[in-house]
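Visitor: Could you walk me through this model, one question at a time?
Guide: Gladly; let us bring it up first.

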Amino acid sequence: MKDDKCCVVSCEKPLDKDYWDAQYQAEATGWDLGEVSPPIKKYIDTLTDKKLAVLIPGCGNTYEAEYLLKKGFTNITVIDIAPTLVEKLKLKFENNTNIKIVLADFFDHEGSYDLILEQTFFCALPPRMRQKYVWKMHQLLKEKGNLVGLLFDRNFDVSPPFGGNKAEYESLFKGAFKINQMDIAPDSISKRANTELFVSLERRNVLVNLYHFQGITCTGCLKTVTEKFIEMKGIENASLSLDFSELLLASAEAIPLSKLQELISYDNKYIIKNI
């Protein structure tokens, strides 16, 4: 799958606006299929409400939005961090009032959506940001809104893209979302056959909060701390980021920060703070 490699600058550099803009300036977009992904196209074909508020984050050349417009959808927002790409999209869709094109960091975006389509955005983020991804998706979706799309069920020698597996994703999304589907996509393009999961996640009516966390230095400590939070009454899932700096909690009710801090007070290095 070497076609999915996209690095034309050092991957040690931050994966920020400048990085992604460089990819579009250099036309180094090996992840670009040139068309809407077949599993997402098939899903769109099942939708009957053309007024759904739809968001496509990290939209790229946004063939998904083109297809939605072709099918008669009237409330589409696409967002990307790369100025070169966004200017191109604004020209492409300048006469279409059914699509809004936003240049911004996804994590700064505000809105309320019925459906968010995931296509090569999750895998473009450093894995340490996955808890933040879940938190933001939950924020942006309406009650019972859906996050639908594709996640890689494999790892890569060169990243981005960043891969993963079904068990990891289930652990990450549970609590915040009802997992309606997470299976190998049967109709992926040939070069991605059997390496993509089609996911359909429904936003649950729970509280999902993200916290700063300090003091963890090893995976053993991470496991212990995570288990303590999961055992707390009212908490439906707890997940710590890969760099141990952010804690994602899904809970049935609000839990005071002081109570969370008390739970981990057995080690004075551990500090939890609101973001």
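The questions below go through some helices and loops of this predicted model.

Visitor: Are α5 and α6 parallel, perpendicular or oblique to each other?
Guide: Helix α5 spans residues 130–140 and helix α6 residues 166–173, and their axes lie 10 Å apart at an angle of about 50°. Angles of 65 to 115 degrees would count as roughly perpendicular and those under 35 as roughly parallel. The pair therefore falls outside both ranges and is oblique.

Visitor: How many residues of the contact of α5 with α6 are nonpolar, and how many are polar or charged?
Guide: From α5 come R130, Q131, Y133 and V134, which meet E168, Y169, L172 and F173 of α6. Tyr counts as nonpolar here, along with Val, Leu and Phe. The contact therefore divides into 5 nonpolar, 1 polar and 2 charged residues.

Visitor: Why do the buried residues of α4 lie on the same side?
Guide: In helix α4 (residues 83–92), the buried residues are L85, V86 and L89. Residues three or four places apart in an α-helix point the same way, because there are 3.6 residues a turn. Around the axis of α4, these buried residues cover an arc of only 95°.

Visitor: How many residues of α3 are buried?
Guide: Helix α3 covers residues 63–70, and its buried residues are Y63, E64, A65, Y67, L68 and L69. They pack against α2, β1, β2, β3 and β4. Helix α3 is mostly covered, with the buried count at 6 of its 8 residues.

Visitor: Is T226 buried or exposed?
Guide: T226 sits in helix α7 (residues 219–231). Beyond its neighbours within four places in sequence, T226 touches A238 and L240. Its relative accessibility is 12%, and the cut-off for burial is under 20%, so T226 is buried.

Visitor: Which residues does P160 join through cis peptide bonds?
Guide: Most peptide bonds are trans. P160 is in the loop between β5 and α6, and so is P161. The bond of S159 with P160 is cis with omega about 0°, and a cis bond with omega about 5° links P160 to P161. The partners are S159 and P161.

Visitor: T120 and N194 have a positive phi; which is buried and which is exposed?
Guide: Most residues other than glycine have a negative phi. T120, in the loop between β4 and α5, has a phi of about 65°, and N194, in the loop between β6 and β7, has a phi near 65°. With a relative accessible area of 18%, T120 is buried, whereas N194, at 59%, is exposed.

Conventions. Residues numbered from 1 in each chain as written. Predicted model: local features only at pLDDT ≥ 70, side-chain atom pairs only at ≥ 80, totals over all residues. Heavy atoms only, no water. Axes fitted to C-alpha atoms, helices over the stretch in contact; angles between N-to-C directions. Helix = DSSP H or I, 4+ residues; strand = E, 2+ residues; numbered from the N terminus. Parallel < 35°, antiparallel > 145°, perpendicular 65-115°, else oblique. Contact = heavy atoms within 4.5 Å. Buried < 20%, exposed > 50% of the residue type's maximum accessible area, 1.4 Å probe, protein only. Arc of directions from axis to C-beta.
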